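Welcome to the tour. Please have your viewer open and your selection tool ready, and we will go from stop to stop together.

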Amino acid sequence: MTDLELKKLKDDLWHAADVFRSGAHLAANKYGQPILGLIFLRYADILFKQHKQEIQAEFDKLKGGRREKTMREIAIDKCGFYLPEKAYYDSINNAPDDANKATLVKEAMEAIEKENPTLVNVLPKDVYEQLVPEEEPELLSRIVRIFKDIPENSTLDIFGEIYEYFLGNFALAEGKDGGTFYTPSTVVRYMVEVLGPEPGGEKKFLDPACGSGGMFVQAARYMHKHNADNKEMMNFRCYGVEKEPDTVKLAKMNLILNNIRGDIREANTFYSDPHNAFGAFDYVMANPPFNVDEVVYDRVKDDKRFNTYGVPRKKSSSSKKKSDKKETVPNANYLWIGHFATALNEKGKAALVMANSASDSSGSDYDIRKKIIEEGIISQMVTLSSNMFNTVTLPATLWFFDKQKTNSAKKDEILFIDARNVFTHVDRAHRKFSDEQIKNLGIITKLYNGDKTSYQALVQEYEGKLAEKIKELNQHIKEFSPCSIVFEVENPDTSKNEEKGKALPWG
């Protein structure tokens, strides 16, 4: 499937599914859950079908011998899960278009969870009853048929793209509420581009505010794109923390749909450390909630994740009389910053989204920031345009940490990039990075770090695209005009490159 065909498929699926939003007896911010569940069901059905012959052949081969295995064991080994007949998509799709369809979908989800322990309590079930309203009982059947249009030869990558596309659109539709579980993919792609995760060896990624898992997905795609083989991809493992139960389910499905090994825990990062994060991770990526002011000071003050650089506190706290009201951290931004820094191992790198105000906040924030700067782990800061996120319209700043920098000649340097004017409009209220903008911003970091080879490769890539466009233009002129202006790129050497036009007779 070409990129253009995939884009059309995603757009068609979204438009068709969104048409039925008004008919569902669901709040706007709950509509995504059953839809994403159906995408997962269709994915499971297609992937299982693609492996079914292979599974059956191995079952027949081993049957009766010492190495005999059940169909379920072989299926989990071959495609990661076992799909019981009750969950076959065609069985559900071909059933009568009535209210019983919701029961069939629920039973299919329950059967999948029963056969696959890693999916227990992950898949949506009871919510489908609200997609068969009395006035339109065939509504769910119509939505099921939409996802039947996903081709039977679809790959894992295609389903991952479709799932992420729907997550992004639901986040846009839900506005601020949607932004709590989804970070725009182009921002994440740029963060990953700067981090440049390297394959080989066990690589551990942490996102302590993981939402629907988009950081992990983009990191995995980056590694895949940069020629990580299957063995190296299996050494990529993700650890996430998310406090909203429904969002935990979205993240777990997202990882499965993108073939990513991971451990997502439901917890509040401020008060719980399910992954023993201190000094344990190669990479940390996150877009945490900004300006939280309800964290209880006594519950974090003795936690080394937070107090290594200092816990934010009002300077007048100690002089106040004790009362029944518990003291809270005035602003948790620097709790997050301290946590990201302390979670890194001796070679670790981090990328995080942070409120602009954290860059120059005063009081105890200033003292914490000074310690982190003096240690030398901040490698780069990038100021973004406004309207890049669903949760806030104000511009945010990307912070990048690199523990190896503390022992380098650049310990006392920080690269600052002003990207406030670098964006592409999505609509009037939202902006994003284009593919070229991600590459162009990313190459600044590479050049700063002395990587001229990547710069030369990017220039060659652009020259190739330019030559291709000129070729297409000349062909277009040749076909539709009796006289044409032929453009040529005379020399691919960037130091001598110049575009040249020559008027030539035609016909």
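Is Asn-387 buried or exposed? Select Asn-387 and show its surroundings: Asn-387 is buried, at a relative accessible area of 18%. Here buried stands for under 20% relative accessible area, exposed for over 50%, and partly exposed for what lies in between, with a 1.4 Å probe and protein chains only.

Before moving on, two notes on how to read this tour. The model is predicted, so local features need pLDDT of at least 70 and side-chain atom pairs count only at pLDDT 80 or more, while totals for chains, interfaces and linings use all residues. Residues are numbered from 1 along each chain as its sequence is written, and side-chain values use heavy atoms, with hydrogens and water left out.

**Two asparagines in loops**

Stay with Asn-387 for a moment. Asn-387 sits in the loop that runs between β6 (378-384) and β7 (396-402). Its phi is near 60°, a positive value in a residue other than glycine.

Now select Asn-276, in the loop between β3 (261-266) and β4 (281-286). Asn-276 also has a positive phi in a residue other than glycine, near 45°. Asn-276 is exposed, with 59% relative accessible area.

**The whole view**

Zoom out and colour by secondary structure. The protein has 18 helices and 12 strands. Helices (H or I, at least four residues) and strands (E, at least two) are DSSP runs, numbered from the N terminus. Of the 507 residues, 47% count as buried. Take the contacts between residues at least 6 apart in sequence: 73% of them join residues at least 24 apart. Contact means heavy atoms within 4.5 Å.

**Helix α2 and its partners**

Next, select helix α2 (residues 32-62) together with α6. Two packed helices are described by the angle between their axes and the distance between the axes. The axes of α2 and α6 come within 10 Å and cross at roughly 45°, which makes α2 oblique to α6. The axes are lines fitted to C-alpha atoms, for helices over the stretch in contact, and the angles run from 0 to 180 degrees between N-to-C directions. Angles under 35 degrees count as roughly parallel, over 145 as roughly antiparallel, 65 to 115 as roughly perpendicular, and the rest as oblique.

The crossing of α2 and α6 is right-handed. A crossing is right-handed if the near helix is turned clockwise from the far one by less than a right angle, and left-handed if anticlockwise.

Show side chains here. From α2, Ile-35, Leu-38, Ile-39, Arg-42 and Lys-49 meet Leu-140, Ile-143, Val-144, Phe-147 and Lys-148 of α6. In this contact of α2 with α6, 7 residues are nonpolar, none is polar and 3 are charged. Nonpolar covers Ala, Val, Leu, Ile, Met, Phe, Trp, Tyr, Cys and Pro; charged covers Asp, Glu, Lys and Arg; the others, Gly among them, are polar.

Keep α2 on screen and add helix α5 (residues 100-115). The axes of α2 and α5 come within 12 Å and cross at roughly 60°, and α2 and α5 are therefore oblique to each other. α2 passes α5 in a left-handed crossing. Gly-37, Leu-38 and Leu-41 of α2 make the contact with Val-105, Ala-108, Met-109 and Ile-112 of α5. The contact of α2 with α5 has 6 nonpolar residues, 1 polar and no charged.

**Around α6**

Which helix holds Leu-139? Select α6 (residues 139-148), where Leu-139 is found. Leu-139 counts as buried because its relative accessibility is 0%. Leaving aside neighbours within four places in sequence, Leu-139 is in contact with Phe-20, Gly-23, Ala-24, Leu-131 and Pro-133. Draw a distance from Leu-139 to Arg-21: their C-alpha atoms are 9.9 Å apart, with these positions 118 residues apart along the chain.

Then pick Asn-93 in helix α4 (residues 89-94). Asn-93 is buried at 13% relative accessible area. Not counting residues up to four places away in sequence, Asn-93 touches Lys-101, Val-144, Arg-145 and Lys-148.

**A covered helix**

Select helix α15 (residues 333-342), where 10 of 10 residues are buried. Among them are Tyr-334, Trp-336, His-339 and Phe-340.

**Last stop: cysteines**

How many disulfides does a search of the whole structure find? The search finds 0, a disulfide being a pair of cysteine sulfur atoms within 2.5 Å. Select Cys-238 and Cys-210: the sulfur of Cys-238 has its closest cysteine sulfur in Cys-210, at 9.6 Å, too far for a bond. Cys-238 is buried, at 0% relative accessible area. Finish with Cys-79, which counts as buried at 10% relative accessibility.
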